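Student: I've got a protein model open and I'd like to learn how to read it. Can we go through it together?

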Amino acid sequence: MEDLQSSENLNESWKVLEFYSGIGAMRYSLLNSGISFTVAEAFDINDKANDVYEHNFGHRPYQGNIQNLTAPELDNYGASVWLLSPPCQPYTRQGLQKDSSDARASSFLRILELIPHMINSPLILFVENVVGFETSDTHKQMLDILAKAGFLLQEYILSPLQFGIPYSRPRYFCLAKRAPLSFQNPSRNNQLFRTPCFLQEHMNTFADDHCQSNEQSKNSHLSCQPIKYFLETNIYCGNLLEIADSDLVGDGCLSPYQVPLSLIERWGSAMDIVYPESKRCCCFTKSYYRYVKGTGSLLSTAQDEPPIKKGDISSLKELGLRYFTPREVANLHSLPKEFQFPQHINLRQQYALLGNSLSVAVVGPLLWYLFHEPS
């Protein structure tokens with residue numbers, strides 16, 4: 001990659017503040033992008049998420065209320081880059097949709113409102129959230145604050161499917177730069193796009209040559225890798241696959257991940273069922289494993305894909321349905337193999353933390369583009 005140009009020093013690493021750092025997927029995305037950076041500080045209020053972040057990076061994020069931060073305190077970090085992935089609950093379809101009146105949205109706006117009062121305000125901002133954020137009042141306030149602070153914006157709605165990953169998780173992204181920095185493709189400023197065409201010539205760097213830029217998002221899964229490449233399972237055992245990693249399940253049995261027959265009988269018609277050869281699965285939410293309806297796909301471990309008639313519960317019972325393991329969900333989030341949960345984080349907590357995370361396969365290329373200056 002060409003050297004990124006900073007208005008401060010062309011040869012120095014970018015100093016980053018990572019707000020709502022979660023389990024560290026944003027930091028992994030920075031590593032994936034090839035950008036030279038140092039994290040001045042990470043911030044998250046979730047104790048378990050901070051345990052995971054510390055376990056993987058050796059640094060525990062600041063756990064205080066970021067609404068209490070002041071402009072001078074932020075100035076002291078000397079960071080020219082802010083990465084923000086604020087809580088999505090105020091904007092989700094399942095939530096109360098209280099938008100900016102939701103207390104969970106106030107910290108995000110409070111942080112942005114400090115920018116005009118800083119001596120060394122950030123040059124680059126990156127914001128990630130759920131689809132729906134782009135129509136929210138919080139979004140309108142964000143645009144107003146950033147415009148007054150002199151930022152140019154580019155906004156995108158992208159899914160891992162567009163990067164060759166068989167995972168349907170569309171998300172909103174805002175990329176912002178302040179003069180003298182500028183975008184490689186200025187024609188896209190202040191518009192919302194749903195295709196990653198600006199990344200076409202570079203996407204093979206991030207998606208192992210399995211990528212596409214199909215304008216018809218409904219067909220975007222056609223060029224994706226099959227799910228089987230993201231699974232831990234590789235050995236058939238009767239009608240079920242064995243887990244290769246014995247650290248996850250002591251005797252190699254799938255029993256903790258099997259879907260109980262009682263749930264199949266009750267919710268079978270509402271389940272999203274996929275197969276190892278499938279090239280698309282549904283978004284995993286933080287409620288995965290606790291509920292089966294609308295929280296993510298279930299995997300059939302049957303050796304064949306028998307025809308399923310709608311409402312035919314008996315045929316569903318033959319599929320050997322199981323939950324995706326946390327490692328498999330992490331794989332679909334494109335988290336690296338070295339990512340691990342500390343031993344004290346239980347199974348439900350792992351799923352919940354992953355459900356609140358982001359896709360490294362999408363964010364890595366976006367960050368590369370954000371930092372890449374016109375030649």
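Tutor: Sure! Start with one term: a residue is called buried if its relative accessible area is under 20%, exposed if it is over 50%, and partly exposed in between. Keep in mind that this is a predicted model.

Student: What percentage of the residues in the protein are buried?

Tutor: The cut-off to apply is under 20% relative accessible area. The protein has 375 residues, and the buried share of them comes to 54%.

Student: How many helices and strands does the protein have?

Tutor: Both kinds of secondary structure turn up here. The tally is 11 helices and 12 strands.

Student: Is helix H11 mostly buried or exposed?

Tutor: H11 covers residues 360–371, so look there first; its 12 residues reach 16 Å from the first C-alpha to the last, close to the 16 Å expected at 1.5 Å a residue. Among its buried residues are Val360, Pro365, Trp368 and Phe371. In fact 12 of the 12 residues fall in that class, so H11 is largely enclosed by the rest of the structure: buried.

Student: How many salt bridges are there?

Tutor: The rule asks for a side-chain nitrogen of Lys or Arg within 4 Å of a carboxyl oxygen of Asp or Glu. Going by that rule, the count is 9.

Student: Which residue forms a salt bridge with Glu128, and how far apart in sequence are the parts they tie together?

Tutor: Glu128 pairs with Arg171, and their closest N and O atoms are 3.8 Å apart, which is inside the 4 Å limit. Glu128 belongs to strand E4 (residues 124–130) and Arg171 to strand E6 (residues 171–178), so the pair ties together parts of the chain. Both Glu128 and Arg171 are buried. The partner is Arg171, and the separation in sequence is 43 residues.

Student: What about Lys317 and Glu265: are they buried or partly exposed?

Tutor: These two make a salt bridge as well, with the closest N and O atoms 2.8 Å apart. Lys317 is in helix H8 (residues 313–317) and Glu265 in helix H7 (residues 261–267), so they tie together parts that are 52 residues apart in sequence. Lys317 has 35% relative accessibility and Glu265 has 45%, so both count as partly exposed.

Student: Which residues are linked with Glu54 in a network of salt bridges?

Tutor: One link is the salt bridge between the side chains of Glu54 and Arg60, at 2.9 Å from N to O. Glu54 is partly exposed at 34%, and Arg60 is partly exposed at 28%. Besides Glu54, the network includes Asp47, Asp51 and Arg60.

Student: On to the rings! How are the rings of Phe339 and Phe341 arranged?

Tutor: A pair of aromatic rings is described by the distance of the centres and the angle of the planes. The whole structure has 21 aromatic pairs. For Phe339 and Phe341, the centres are 5.1 Å apart and the planes lie at 75°, over the 60 degree cut-off, so the arrangement is edge-to-face.

Student: Which residue lies over the face of Phe193?

Tutor: Here you look for a charged end above a ring, as with Lys177, which sits over the ring of Phe183 at 5.1 Å from its centre. For Phe193, the distance to the ring centre is 3.7 Å, and the residue is Arg188.

Student: Where is Ser159, and which residue of H11 does it touch?

Tutor: Ser159 is in the loop between strand E5 (151–158) and E6. Ser159 is buried, with a relative accessible area of 7%. Its contacts beyond four places away in sequence include Tyr167 and Arg169. Another of these contacts belongs to H11, and that residue is Val362.

Student: Last one: how many disulfides does the structure have?

Tutor: A disulfide is a covalent bond between the sulfur atoms of two cysteines. The sulfurs must be within 2.5 Å, but the cysteine sulfur nearest to that of Cys282 belongs to Cys281 and is 7.1 Å away. For Cys283 the nearest is that of Cys282, at 8.3 Å. Across the whole structure, the number of disulfides is 0.

Key: Residues are numbered from 1 along each chain as its sequence is written. This is a predicted model: local features need pLDDT of at least 70, side-chain atom pairs count only at pLDDT 80 or more; totals for chains, interfaces and linings use all residues. Side-chain values use heavy atoms; hydrogens and water are left out. Buried means under 20% relative accessible area, exposed over 50%, partly exposed in between (1.4 Å probe, protein chains only). Helices (H or I, at least four residues) and strands (E, at least two) are DSSP runs, numbered from the N terminus. The expected span of a helix is 1.5 Å times one less than its number of residues. Rings of Phe, Tyr and Trp (its six-membered ring) pair if their centres lie within 6.5 Å; planes under 30 degrees apart count as stacked, over 60 as edge-to-face and the rest as tilted. A charge sits over a ring if NZ of Lys or CZ of Arg is within 6 Å of the ring centre and within 35 degrees of the ring normal. Contact means heavy atoms within 4.5 Å.
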